[in-house]
Amino acid sequence: AREEEEEKKEGLIEFYDSFKDMFEFFCKNTTIHGTIRLVCSDSNRMKTVFWTLLLLASFGMLYWQFALMFSQYWAYPVVLTMSMHSEPKMFPAITICNLDPYRFELVSEHLVQLDRMAEESITFLYGIKTSASLFHMNEKNIHVKDLSSIGNFSRSGFKLSQNFSLLRMSDHTNKSGKKHSSVGFRLCNATGGNCFYKTYASGMDAILEWYRFHYMNIMSQLPVIINISDHEEQIEDMVYSCQYDGEPCRPSDYVHFHHPVFGSCYTFNSKGTDPFWTATKPGIPYGLSLILRAEQKDHIPLLSTVAGVKVMIHNHNQTPFLEHEGFDIRPGIATTIGIQQDEVNRLGGNYGKCTTNGDDVNVKLLYNNSYTLQACLHSCFQHIMVRKCGCGYYYYPLPPGAEYCNYNKQPAWGHCFYQLYSRLRNHHLNCFDQCPKPCRESLYKVSAGTAKWPSAKSQAWVRQALRHQNGYNSTSNRNDIAKVTIFYQQLNYQSVNESPLLSENLLLSSMGSQWSLWFGSSVLSVVEMFELLIDTLVLSLLFCYQRFRSKKTLNVAHTPTIPS
């Protein structure tokens with residue numbers, strides 16, 4: 001009997017006489033709660049059935065909870081955590097534009113013709129006879145930019161098209177019973193079919209869009225826009241005074257470029273690497289203070305109806321998209337702008353679509369600065385525009401080998417462009433799918449205050465001081481200067497970070513809690529269950545082997561002997 005007990009001692013792999021013995025041994029020795037009641041209640045079948053059903057129900061609830069946990073984990077939800085930081089930081093990049101685009105010598109005659117067409121259209125629509133001086137048609141001192149220093153450009157055979165006249169659509173009655181009419185112009189495809197009207201409820205918006213449409217065709221005769229900024233432009237023509245943190249600005253603190261709508265532009269602290277622009281204190285005295293020229297001497301009136309200066313606050317190495325962001329500074333006004341920085345950090349990967357530097361984006365950027373969502377969307381649209389319409393949109397950079405649209409060469413490009421742009425705005429193009437947000441970006445919240453400047457009593461000596469210091473000369477009583485001060489309200493900035501709502505560690509912890517809740521056991525109990533499965537598999541193989549051996553032995557015993 002002692003030998004039999006030694007044989008039945010537990011080994012590395014249990015060799016039981018039957019599955020019943022193996023199951024009884026497991027139920028009596030496992031750390032899973034409740035299993036011992038399956039074998040201790042053999043005499044009471046009702047209890048055995050009750051505990052069997054209870055254990056099966058517990059298993060079902062456990063794995064139902066596991067399924068909920070994994071479905072939530074594979075949804076990759078995130079939680080936003082906010083933290084405040086206070087430390088010296090770099091002043092943002094500031095872009096200012098004078099809203100006074102150049103009248104280049106190469107296209108000056110076409111711009112004068114366009115002004116005449118605009119005057120005729122306004123007279124036709126509203127019966128208003130606009131003064132010729134408004135459109136610079138009789139001025140002899142129009143400021144014209146000569147591009148001869150950039151290259152040899154002969155005058156092209158470009159002609160303004162008369163096929164896009166402004167028309168007033170038929171009146172319609174709105175819900176309140178009032179009659180309204182829309183104004184627009186007609187666009188057709190290359191064969192003259194599939195026409196539609198680009199209409200606006202406001203006649204002012206229609207005239208501005210019509211003017212810009214012709215203006216793009218005229219400006220397409222010029223060289224690429226990035227080369228236009230290489231001319232003799234002095235910052236003193238626009239900025240009479242510049243100070244940061246009480247120190248005068250240096251020539252290395254700004255870069256110049258020209259925008260076809262917003263005119264001559266300067267970006268201060270564009271790179272964000274000069275220690276001169278480190279903000280160490282909040283407040284107005286420690287910010288950027290500018291006195292700006294805000295007159296429209298050579299203003300193109302139907303290109304922009306705003307007078308003043310365009311200002312945009314943005315990140316370093318970022319292309320300023322002035323048509324989407326920024327604000328206007330009024331002439332004769334001192335504007336103080338307080339800024340507050342917010343930083344957003346996104347997880348990316350399975351938790352959301354974002355990009356670190358744009359290298360993993362399928363769209364080839366047409367801008368030389370760092371990746372932004374607007375830069376990607378503009379580049380994506382321009383690539384589609386070149387592919388679908390055969391030419392590029394004038395306000396965006398060109399891909400290699402492409403040319404800007406011109407209705408003398410591509411008569412139907414307007415029809416193609418407005419349909420594509422409508423699809424982009426309605427998210428029917430895949431640009432929003434291909435262009436993710438940056439994983440890390442800084443956002444600037446601004447608050448502004450204004451006051452009349454210079455005051456009536458100080459106006460004389462302020463203008464006199466500017467005249468002696470900067471050669472400022474005002475020939476009229478109208479306000480033609482503006483002052484703007486941009487400063488950090490406080491150096492504290494708010495950081496918004498994404499973190500996983502259910503990480504791997506939290507998932508394992510939750511699974512362990514559920515396992516403990518339903519069975520009162522630990523991870524070692526899981527090992528015991530795997531051990532039971534292995535013993536079951538080995539015992540099944542042994543039984544199969546024994547049955548195979550017994551059949552083989554039986555066949556050998558029944559084989560007849562052949563007499564000699």
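# A walk through the strands, helices and salt bridges

Start by selecting Ile339 and then Tyr488: Tyr488, in strand 23, is the bridge partner of Ile339. Before you go on, know that this is a predicted model, where local features need pLDDT of at least 70, side-chain atom pairs count only at pLDDT 80 or more, and totals for chains, interfaces and linings use all residues. Residues are numbered from 1 along each chain as its sequence is written, and side-chain values use heavy atoms, with hydrogens and water left out.

**Stop 1: strand 23**

Select residues 481-488, which make up strand 23. Strands here are DSSP runs of E with at least two residues, helices are runs of H or I with at least four, and both are numbered from the N terminus. Is strand 23 enclosed or open? Seven of its eight residues are buried, so the rest of the structure largely encloses it. (Buried means under 20% relative accessible area, exposed means over 50%, and partly exposed is in between, using a 1.4 Å probe and protein chains only.)

Now add the neighbours. Strand 19 pairs with strand 23 in the parallel sense, over six bridges. Strand 16 (residues 288-293) also pairs with strand 23 over six bridges, but in the antiparallel sense. For a spot to zoom in on, pick Leu288, whose bridge partner in strand 23 is Ile486. Two strands count as paired if DSSP finds at least two bridges between them.

**Stop 2: an open sheet**

Next, colour strands 13, 14, 3, 17 and 18. They form an open sheet of five strands in the order 13-14-3-17-18, with antiparallel pairing. Strand 13 (254-259) and strand 18 (327-329) are the edges, each pairing on one side only. From one strand to the next, the twist averages 25°. (Such angles run from 0 to 180 degrees between N-to-C directions, with axes being lines fitted to C-alpha atoms, for helices over the stretch in contact.)

Look at the edge where strand 13 runs antiparallel to strand 14 (residues 263-268), joined by six bridges. Click on Val255 and you'll find Thr267 of strand 14 opposite.

**Stop 3: His314**

Stay in the sheet and select His314, in strand 17 (residues 309-314). Is His314 buried or exposed? With a relative accessible area of 3%, His314 is buried.

What does His314 touch? Leaving aside residues up to four places away in sequence, its contacts are Pro92, Ala93, Ile94, Thr95, Thr267, Pro320 and Tyr444. Contact means heavy atoms within 4.5 Å. Thr95 deserves a click of its own, as its side chain joins that of His314 in a polar contact of 2.7 Å. (A polar contact is a pair of N or O atoms within 3.5 Å; within protein, one must be able to donate a hydrogen and the other to accept it, and residues adjacent in sequence count only if both are side-chain atoms.)

**Stop 4: two helices**

Select residues 45-74 for helix 4 and put a ruler between its end C-alpha atoms. Its 30 residues should span 44 Å at 1.5 Å a residue, and the ends are 43 Å apart, which agrees. The expected span is 1.5 Å times one less than the number of residues. Buried residues in helix 4 include Thr48, Leu55, Phe66 and Tyr73. Helix 3 (37-40) and helix 12 (504-519) are among the parts that cover them. Just after helix 4 comes Tyr76, with a positive phi near 50°.

Now jump to helix 6 (residues 203-219), whose 17 residues reach 24 Å from first C-alpha to last, close to the expected 24 Å. Helix 6 is mostly covered, with 14 of its 17 residues buried.

**Stop 5: salt bridges**

Side chains of opposite charge can pair when their charged atoms come close. A salt bridge here is a side-chain nitrogen of Lys or Arg within 4 Å of a carboxyl oxygen of Asp or Glu, and by this rule there are seven.

- Select Arg440 and Glu343, whose side chains meet at 3.3 Å, N to O. Arg440 lies in strand 22 (residues 440-452) and Glu343 in strand 19 (residues 333-345), so this pair ties together parts 97 residues apart in sequence. Arg440 is exposed at 59% relative accessible area, while Glu343 is buried at 11%.
- Select Asp253 and Arg250, with closest N and O atoms 2.7 Å apart. Asp253 is buried at 3%, and Arg250 is partly exposed at 30%. Add Asp274 to see a network of salt bridges linking Arg250, Asp253 and Asp274.
- Finish with Glu403 and Lys409, whose closest N and O atoms are 3.7 Å apart. Glu403 is partly exposed at 34%, and Lys409 is exposed at 56%.
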